[in-house]
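Thanks for making time this morning. I will put the structure up and then go through a few places in it.

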Amino acid sequence: MQAAAAGDDGSGDAPAAPAALARRLQAQAAAFFEFYREHPRDLDLGFYLFQGMQPRGLTPALNERLNQRLKDALAPIEATLRAAGQDPAGARAEVTAFFAQAVGLLLLSHTGRIRTFGPSSQALLAAYLVQLCRRCGLPAPDAPRRNAA
C-alpha cells in the first residue's frame, strides 16, 4: 500500500481534510492488521525468532533487516499521523502503541484466547482506531458493535 506524503491527500499539494486523514489512518492500520490476521505464519516467524526475550537464530544483520521492514510497514501510518498534526515523537509513540495493540490482538486471535473476551479482534481494533483518531483530533466514526465479525 502506497501512502500519500505527509500533508498530501494524494491529489497534489493540498493538505488533506481531517476526515480524509482519519479514513486514511484507519485504512492503513486495518491493512497492516489484516495482513497479519490473514497470514499468521508471518507473525509466527517474528515470535519464533525470539526465545523468551532473547533472539534465536537471528543474526544482527537479519535483525536489522527485519526491523527496517517493520518500520517500512508502519511508515504510512506514522506519515498520516504527522499529516494530522502529531509531532515526530508523538507520531512515533502512537505508532508504537498501535503496533503493540495490533500484535496483542493478533496473538489473542491466533491462539483462540480472544473468545474469552467476547468481541472479535477486528471489532477491538476498530474501537482502538476510533480512540486513536480522537487522540489525534481527527473525526472518528461511531464505535463498532462489540460483537462484529
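**Walking through the predicted model**

I start with one residue, alanine 30, which is found in helix α1, residues 18–38. Please keep in mind that this is a predicted model. Alanine 30 has a relative accessible area of 28%. That value falls between the limits of 20% and 50%, so alanine 30 counts as partly exposed. Along the sequence, alanine 30 and alanine 126 are 96 residues apart, yet their C-alpha atoms are 8.1 Å apart in space.

Now the chain as a whole. The protein chain has five helices and two strands. Reading from the N terminus, the order of elements is α-α-β-β-α-α-α. The chain has 149 residues, and 30% of them are buried. If we take contacts between residues at least 6 apart in sequence, 58% of them join residues at least 24 apart.

Next, a helix pair. Two packed helices are described by the angle between their axes and the distance between the axes. Here the pair is helix α4, residues 88–111, and helix α5, residues 121–135. Their axes are 10 Å apart, and the packing angle is about 170°. Angles over 145 degrees count as roughly antiparallel, so α4 is roughly antiparallel to α5.

Which residues of α4 and α5 make the contact? On the α4 side they are Glu94, Ala97, Phe98, Gln101, Leu105 and Ser109. On the α5 side they are Ser121, Leu124, Leu125, Tyr128, Leu129, Leu132 and Arg135. Sorted by class, this contact has eight nonpolar residues, three polar and two charged.

On to a pocket. Rolling a probe the size of a water molecule over the atoms shows where empty space is left. The pocket I want to show is the second largest, with a volume of about 180 Å³. Its lining consists of Leu70, Lys71, Leu74, Ala75, Glu78, Arg92, Val95, Thr96, Phe99 and Ala100. The elements that give two or more residues to this lining are α3, residues 60–83, and α4. By class, the lining divides into six nonpolar residues, one polar and three charged.

Two of the lining residues, Glu78 and Arg92, deserve a closer look. Glutamate 78 sits in helix α3. Is glutamate 78 buried or exposed? Its relative accessible area is 16%, and the limit for buried is under 20%, so glutamate 78 is buried. Setting aside neighbours within four places in sequence, glutamate 78 is in contact with Pro88, Ala91, Arg92 and Val95. For proline 88, ten residues away along the chain, the C-alpha separation from glutamate 78 is 8.4 Å.

Arginine 92, one of those contacts of glutamate 78, lies in helix α4. Arginine 92 has a relative accessible area of 45% and is therefore partly exposed. Between arginine 92 and alanine 75 there are 9.4 Å from C-alpha to C-alpha, with the two 17 residues apart in sequence. Alanine 75 also lines the second largest pocket.

That is the end of my part.

Notes
Residues are numbered from 1 along each chain as its sequence is written. This is a predicted model: local features need pLDDT of at least 70, side-chain atom pairs count only at pLDDT 80 or more; totals for chains, interfaces and linings use all residues. Side-chain values use heavy atoms; hydrogens and water are left out. Axes are lines fitted to C-alpha atoms, for helices over the stretch in contact, and angles run from 0 to 180 degrees between N-to-C directions. Helices (H or I, at least four residues) and strands (E, at least two) are DSSP runs, numbered from the N terminus. Angles under 35 degrees count as roughly parallel, over 145 as roughly antiparallel, 65 to 115 as roughly perpendicular and the rest as oblique. Contact means heavy atoms within 4.5 Å. Ala, Val, Leu, Ile, Met, Phe, Trp, Tyr, Cys and Pro count as nonpolar, Asp, Glu, Lys and Arg as charged, and the others, Gly among them, as polar. On a 1 Å grid over the protein atoms alone, a cavity is a set of points where a 1.4 Å probe fits but cannot get out, and a pocket is an open set with protein on both sides within 12 Å along at least five of seven lines; lining residues have an atom within 4 Å of a point. Grid points are joined across faces, edges and corners, and a volume is the space filled by probe spheres set on the points. Buried means under 20% relative accessible area, exposed over 50%, partly exposed in between (1.4 Å probe, protein chains only).
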